[in-house]
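I opened the file to see how the chain is put together. I kept notes as I went.

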Amino acid sequence: MLPRRSPTRRPARFARLAVVAALLGLATLGGAAQAAAEDDAPSSWALPTSGNLLSAFNRNSYNEQDGAPQQVDDPRSPGRPALMFSLDGGDQRSELQPRTPYLREGNVVYYSYRAYLDPDFPTDVNTWQLILQWHQEGDSGSPPVAVEVRNNRLQLVLTGDDYQDLGPVSGGQTVDLILRIAFSQDPDKGTVDVWNGGRHVLNAFHPASGTLIDDSAYEKVGLYRDRSIDQPARLYLEDLRIGPAMSSVRATDAPALSEGPAPAATTSAGTSGSPLFWTALVLVGVVLAVALLRPWARRP
């Protein structure tokens, strides 16, 4: 008589196969999520150096409610075009939105920004005055990431109440910034790096509320400020670049970058914060349950 097989071997074999299949599925989903995030991330974009500069932006009456930006000769480089944003005292908003995809969880993007502040620009105001912002998809609330001019300082401001100093600023000065933003609702993954005039002034800063408030964000440039400011303001945007790497946004005449630690690596999509991750975990549980219960279901 042949020996009887142990009833425990088949469940164990199915369990091992299930674990292997589940891990392969999890890796596939994670890779697909990361690829999706990379495909969705903005490719290189730059402010045109000739022709109609305004055509590179999405425009609407809301962003230009207190003044439409105008293409003019750069006051510092005659013959070179620039975009002039101008507000009178009591005015609030004159902005443009670069024509690029929305930013989503896991995107890591570099930005370079160069603008000349008119000599009479009110840098000494003691209230909010934004020149750059990455606004959430929803309409209400302060943006998760913004740059403002206040108290004669450049400041990174996050959700309206977390301020990081970037250095002094005054009228008649050029603001020359590079930012690296890892977009995430998870404070452990969302980071901001800032170079001011080539100097690395903020290294892998983790905002307490992350760098995304909801599912996506988009960049706006120009002027957005408190209506209580009664002085006029004028800003000339000379250069703006967006790209996936530092090399894709640095102008040939940009100041040399200071030495310093490289920005911290940031996990892209396909992490524990991703819906695909939880979907994969559910699939793991289902496969394991089927594998373990199937042999016992055949018993009389």
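My entries follow, from the overall make-up down to single residues.

**Ground rules.** I am working with a predicted model, where local features need pLDDT of at least 70, side-chain atom pairs count only at pLDDT 80 or more, and totals for chains, interfaces and linings use all residues. Residues are numbered from 1 along each chain as its sequence is written, and side-chain values use heavy atoms, with hydrogens and water left out.

**Overall.** I looked up the secondary structure and found 2 helices and 16 strands. Helices (H or I, at least four residues) and strands (E, at least two) are DSSP runs, numbered from the N terminus. The chain has 300 residues, and 45% of them count as buried. Buried means under 20% relative accessible area, exposed means over 50%, and partly exposed lies in between (1.4 Å probe, protein chains only). Next I checked contacts, meaning heavy atoms within 4.5 Å. Of the contacts with a separation of 6 or more, 69% join residues 24 or more positions apart.

**Strand 7.** Why is strand 7 largely enclosed by the rest of the structure? Strand 7 covers residues 108-117, and 9 of its 10 residues are buried, so the rest of the structure largely encloses it. I then looked for its partners; two strands pair if DSSP finds at least two bridges between them. Strand 12 (residues 174-182) pairs with strand 7 in the antiparallel sense, over 9 bridges. There, Tyr113 has Leu177 as its bridge partner. Strand 16 (residues 233-243) also pairs with strand 7 in the antiparallel sense, over 8 bridges. Here Tyr111 is matched with Ile242 as bridge partner.

**Cores.** In soluble globular proteins, nonpolar side chains tend to be buried together. I looked for nonpolar cores, which are sets of buried Ala, Val, Leu, Ile, Met, Phe, Trp, Tyr and Cys residues joined through side-chain atoms within 4.5 Å. The largest has 47 residues, and Leu235 and Leu237 have the most contacts inside it. I listed what Leu235 touches, leaving out residues up to four places away in sequence: among them are Leu83, Phe85, Tyr113, Ala115, Leu117 and Ile131. A second, separate core has 5 residues, including Tyr110, Trp195, Met246 and Val249.

**Cavities.** I set the search on a 1 Å grid over the protein atoms alone, where a cavity is a set of points that a 1.4 Å probe fits but cannot get out of, and lining residues have an atom within 4 Å of a point. I found 2 cavities of 30 Å³ or more. The largest has a volume of about 100 Å³. It is lined by 15 residues, and Ser112, Arg114, Asp176, Ile178 and Ala254 lie nearest its centre. Strand 7 and strand 12 are the elements that give two or more residues to this lining. Strand 7 supplies the largest share, 3 residues.

**Strands 13 and 14.** Strand 13 (residues 191-196) pairs with strand 14 in the antiparallel sense over 4 bridges. The two form a hairpin with 2 residues between them, and Gly197 in the turn has a positive phi of about 60°. Asn196 stands opposite Arg199 in strand 14. Strand 14 (residues 199-205) is mostly covered, with 5 of its 7 residues buried.

**Ser142.** Where does Ser142 sit? I placed Ser142 in the loop between strand 8 (129-136) and strand 9 (145-150). Ser142 counts as partly exposed because its relative accessibility is 36%. Ser142 touches Gln136, Thr159, Gly160 and Ile213, not counting residues up to four places away in sequence.

Methods. 1 Å grid on protein atoms, 1.4 Å probe; cavity = no way out; pocket = protein on both sides within 12 Å on 5 of 7 lines; lining within 4 Å. Points joined across faces, edges and corners; volume = space filled by probe spheres on them.
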